[in-house]
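User: I'd like to go through this model with you and ask why certain labels apply. Could you walk me through the reasoning behind each one?

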Amino acid sequence: MPRWIPVHEKVDVPVFKNVMYAVKMLSKADKAIIPSVIVSQVSTQVFTLFIQGILFLKILLGIIEGKSSFEYYFKVLLMFLVCGLIYEIIIIVSDYIQNISFKRVFKGLNNMIFKKAAEVDVSCYEDPEFYDAYQRATDILTGGVYLAFLMDFSMLIGNAISLILVVGVVSAIDPAYLVFLSPIIIVFAVQIVRSKLLYKRDLKMTTNNRIKAYSMRTVFLKDFSKDMRTSNIFSVIMNNYKKAVKDNIRIIKSYGIKLFIYSLLGSVFGEFIPIVGTYAYASYRFINESGLNISGFSVVLSSINSVRQTTTGIADSLSELTNMALYFQNLHDFFSYESKIVSGEREAGEFESLEFKNVSFRYPSAEANSINNVSFKINKGETIALVGINGAGKTTLVKLIFRFYDVTEGEILYNGINIKEYNLPSLRFRFASVFQDYKTFALSVNENVLCHIPGEDEKERAKTALIQAGVWDKISMLPNGADTVLTREFDERGAGLSGGEEQKTAVARMFAKDFDVAILDEPSSALDPIAEYKMYENLIQATKNKTVIYISHRLSSAVLSDNILVLDKGRIIESGKHEELIKKGGRYAEMFELQASRYNGEEVESYA
């Protein structure tokens, strides 16, 4: 079972390395995004803080003091206007590029995250830590982290360039001012520590935020609407929501004092000492006529204000960048996950046999095996039924066949070769499946059946599959036939199907696929006995000369099977044909008699 606990919960995260990783990922999504935001922010900071706030002021005061001619001032003013025009053009062009690039970055990162989520082991989806890791990764998008990173990264560069220019002006007037500006370095260190605290605080709230998101989502989902209105489940969900909010408040309070202290230190070393010190020293020199004239005094005061803005901006950007870099570490952790189910190199050929040899399996974190020393063999063309009460281990066998999990002990052989040696897509391609937790998607019926966007020539194949599944009569009556979108979530002309109709649509996927082995895991759980009988008739017809594995606790599918395997607590306790097992009078016969009597309306004791 993969563990999704981020490394940075225990050790320091390399901030610079993650900043570079963030730049790499954003540039991969769109090459224009980084240059455009940097050019935009650098232009803004240099023009407003240096050219406009200091350079132009210095020249203007020099003219007032009689050090320069009006002609010189006019030339400078003209140059300033040109710089302003260039600045406005840069901002307009950058904004246009960014509006397009932001959308591309969002789409690009989304695609990468979705692709990775589709590639991870199925076992991840049964692990709460995976969902926490997934949420931390998607926070890059949903929480606007990538936008904040872009702004902070570009502002850091812009403020740094402005700070160098401004400090150069101040030091030219008197290098002693640099003494009062030196505490700013402490601010940068304080902000980095503060940002790590903020990140740890947010990390602790991840699970609570996921609970809140689940509660909010559940209230609006159609699948839960009836239960919400006919039971007290809403109050239970809201109680979990309130507990998550309350726990988040507790977490925030636990970090409150430390964050306040670091913020106070940042203000003292970033603003109080530099501003008070430079103002006092400049005033002293000016009052005592120590070579500081009015223009120099004004420029120093303006420069110190610019220094304060730039250093505060740099400190804030560093703090935010450190925080953003930690989030990108989550993204890096997510993308760096390596599947435990490793695909082999051998291509799976046409099916000949499937054999379980002394297979045992235990789910991660489980205390006991779900499958215990199971052995059986299925040959080409055979029909096998796996039967047993709920929890006997039937569906677990399917997960092992598809290599959603690997066996704990023993081996599974496909055509006499361990399935671990086969290329996963080629192995899974040989099977068609209908799972008991079937799903239909907010796509057209044709897309649900064929699992891709169909051409006109393929729609006939989908129609045939829907007929075989016994649901075409319903589909043909929909507004757009098989082109109708299921659910009205995205299309007001969409349609909703009953549970049985949805299951038949899921079964139609199997009919539409070219397969060697059909695996039917409770394929008629939502059907009435008549619909079930008709579907099995079609299944028998469609799977002639095919290998079929029926998995069910309803025994109507077992009667005509070549072999029946009866599972109980992960073990095969009986096997044989229907007639043989009935004569044996064991567990299978007991189950069959119970179900038959229910159909006949007889009163019998519940089977346990």
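**Reasoning through the labels**

Analyst: Happy to! The protein chain exposes about 31300 Å², and carbon and sulfur atoms supply 58% of that area. Keep in mind that this is a predicted model. The protein chain has 20 helices and ten strands, and of its 608 residues, 46% count as buried.

User: What makes Arg403 buried or exposed?

Analyst: Arg403 has a relative accessible area of 2%. Buried means under 20%, so Arg403 is buried. Asp406, its salt-bridge partner, has 21% relative accessibility. Partly exposed lies between under 20% and over 50%, so Asp406 counts as partly exposed.

User: And how do you know that Arg403 forms a salt bridge with Asp406?

Analyst: The closest N and O atoms of Arg403 and Asp406 are 2.8 Å apart. The cut-off is a side-chain nitrogen of Lys or Arg within 4 Å of a carboxyl oxygen of Asp or Glu, so the pair qualifies as a salt bridge. Side chains of opposite charge can pair when their charged atoms come close.

User: Why is the meeting of Arg461 and Glu458 called a salt bridge?

Analyst: The same reasoning applies. The N to O distance between the side chains of Arg461 and Glu458 is 3.5 Å, and the limit is within 4 Å, so the name fits. Arg461 counts as partly exposed, at 37% relative accessibility. Glu456, Lys459 and Asp483 are joined into one network by salt bridges that share partners. A search of the whole structure finds 13 salt bridges.

User: What separates Asp247 and Arg250 in helix H10?

Analyst: About one helical turn, because Asp247 and Arg250 are three residues apart in helix H10. These two form a salt bridge, with the closest N and O atoms 2.6 Å apart. Asp247 is partly exposed, with a relative accessible area of 23%.

User: Why can Val276 belong to a nonpolar surface patch?

Analyst: Val276 has a relative accessible area of 43%, and patch residues need over 30%, so Val276 passes that cut-off. Val276 is found in helix H10, residues 233–287. The patch is about 820 Å², and its members include Phe260, Leu264 and Phe272.

User: How do you know that strand S1 pairs with strand S4?

Analyst: Five bridges join strand S1 (residues 353–361) to strand S4 (residues 409–414). Pairing takes at least two bridges, so S1 and S4 pair. They run antiparallel, and Lys357 stands opposite Glu411 in S4.

User: Which strands make up the open sheet, and what makes two of them edge strands?

Analyst: Four strands form the open sheet, in the order S2-S1-S4-S5, with antiparallel pairing. Strand S2 (371–379) and strand S5 (417–418) are the edge strands, as each pairs on one side only. Helix H12 (residues 394–401) packs on the sheet, touching S1, S2 and S4, and its direction makes about 115 degrees with that of S1.

User: What makes strand S3 mostly covered?

Analyst: Five of the five residues of strand S3 (residues 383–387) are buried. Thr383, Ala385 and Val387 point one way, and Ile384 and Leu386 the other way. In a regular strand the side chains alternate between the two faces of the sheet. S3 also runs parallel to strand S8 (residues 547–552), joined by five bridges, with Ala385 opposite Tyr550. Four bridges join S3 to strand S9 (residues 563–568), again in parallel, with Leu386 opposite Leu565.

Conventions: Residues numbered from 1 in each chain as written. Predicted model: local features only at pLDDT ≥ 70, side-chain atom pairs only at ≥ 80, totals over all residues. Heavy atoms only, no water. Patch = residues over 30% accessible without salt bridge, like charges linked within 9 Å, V, L, I, M, F, W, Y side chains within 5 Å. Areas by Shrake-Rupley, 256 points an atom, 1.4 Å probe, with all protein chains shown as cover. Helix = DSSP H or I, 4+ residues; strand = E, 2+ residues; numbered from the N terminus. Buried < 20%, exposed > 50% of the residue type's maximum accessible area, 1.4 Å probe, protein only. Contact = heavy atoms within 4.5 Å. Axes fitted to C-alpha atoms, helices over the stretch in contact; angles between N-to-C directions.
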